[in-house]
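Please open the structure in a viewer and keep the selection tool at hand. The stops below are to be taken in order.

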Amino acid sequence: MSATDQGAPGAERTLGQLVAAATAEMSALVHDEIALAKVEIKQDVKRAGIGSGAAIAAGVLVLFSLPVLSFAAAYGIHNLGLGLAWSFLIVGGAFWLLAGLVGLLAVAKFKKIKPPVKTMDSVKQTAALVGTVKPHPRPVSDQAVGVARSSS
């Protein structure tokens, strides 16, 4: 094998070797970008899952516990000497307060969801770098001048 084939320092690489190296590096870069995006999105999906679970829990609390516990609590308060209407109003307000607190927890979890900032920054840097690369000028030969190009 010659020094050119072995990639010795100072040896010129062929066009095929340069294209192969560029393709391999670009492929590795794309795979790294995808891996970074997966990591960031996985974190946000987890946050969205927790937020959704909290919202569902708030809905379940409101829907299923209101009828049974409302009657029990309202009649319990009524037995303490308060009017029946006031007893039901107090119990209903307490359940709405609990649902509001669980809803605030859901909103707090949803606000922590952010776009994959690191991936977007990395892609922008890569695009800027690729945009600055210019091809090497090719010498124009006398034979190329006589070649006619079609406009269609």
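Begin with the lining of the second largest pocket, whose residues divide into 6 nonpolar, 1 polar and 1 charged. The model is a predicted one. Select Ala22, Glu25, Met26, Leu29, Thr126, Leu129, Val130 and Val133 to display this lining. The charged member is Glu25, and the polar member is Thr126. The space enclosed in the second largest pocket comes to about 180 Å³. Colour α2 and α4 (117-132) next, as these are the elements that give two or more residues to the lining. Helix α2 provides the largest share, with 4 residues.

Remain on helix α2 for the next stop, and select aspartate 44 together with arginine 47. How far apart are the closest N and O atoms of aspartate 44 and arginine 47? They lie 3.1 Å apart, and the two residues form a salt bridge. The structure holds 1 salt bridge, so a distance label drawn here marks a contact that meets the 4 Å limit for a nitrogen and a carboxyl oxygen. Because aspartate 44 and arginine 47 are 3 residues apart in helix α2, about one helical turn separates them. Switch on the surface to compare the partners: aspartate 44 is buried, with a relative accessible area of 13%, whereas arginine 47 is partly exposed at 31%. The cut-off for buried is under 20%, which is why aspartate 44 falls into that class.

Proceed to the aromatic residues. Select Phe71, Tyr75 and Phe88, which form one aromatic cluster. The structure holds 2 aromatic pairs. In one of them, phenylalanine 71 and phenylalanine 88 meet edge-to-face, with 5.4 Å from centre to centre and 80° between the planes. This pair links distant parts of the chain, since phenylalanine 71 belongs to helix α2 (residues 15-79) and phenylalanine 88 to helix α3 (residues 84-111), 17 residues apart.

Now keep phenylalanine 88 selected and turn to its partner tyrosine 75. Why is the pair of tyrosine 75 and phenylalanine 88 edge-to-face? The ring centres are 5.7 Å apart and the planes stand at 80°, and an angle over 60 degrees counts as edge-to-face. With tyrosine 75 in helix α2 and phenylalanine 88 in helix α3, the pair ties together parts that are 13 residues apart in sequence.

Finally, display the surface over the cluster. Phenylalanine 71 is partly exposed, with a relative accessible area of 46%. Tyrosine 75 also counts as partly exposed, at 41%, and phenylalanine 88 is partly exposed at 27%.

How values were computed. Residues are numbered from 1 along each chain as its sequence is written. This is a predicted model: local features need pLDDT of at least 70, side-chain atom pairs count only at pLDDT 80 or more; totals for chains, interfaces and linings use all residues. Side-chain values use heavy atoms; hydrogens and water are left out. Rings of Phe, Tyr and Trp (its six-membered ring) pair if their centres lie within 6.5 Å; planes under 30 degrees apart count as stacked, over 60 as edge-to-face and the rest as tilted. Buried means under 20% relative accessible area, exposed over 50%, partly exposed in between (1.4 Å probe, protein chains only). On a 1 Å grid over the protein atoms alone, a cavity is a set of points where a 1.4 Å probe fits but cannot get out, and a pocket is an open set with protein on both sides within 12 Å along at least five of seven lines; lining residues have an atom within 4 Å of a point. Grid points are joined across faces, edges and corners, and a volume is the space filled by probe spheres set on the points. A salt bridge is a side-chain nitrogen of Lys or Arg within 4 Å of a carboxyl oxygen of Asp or Glu.
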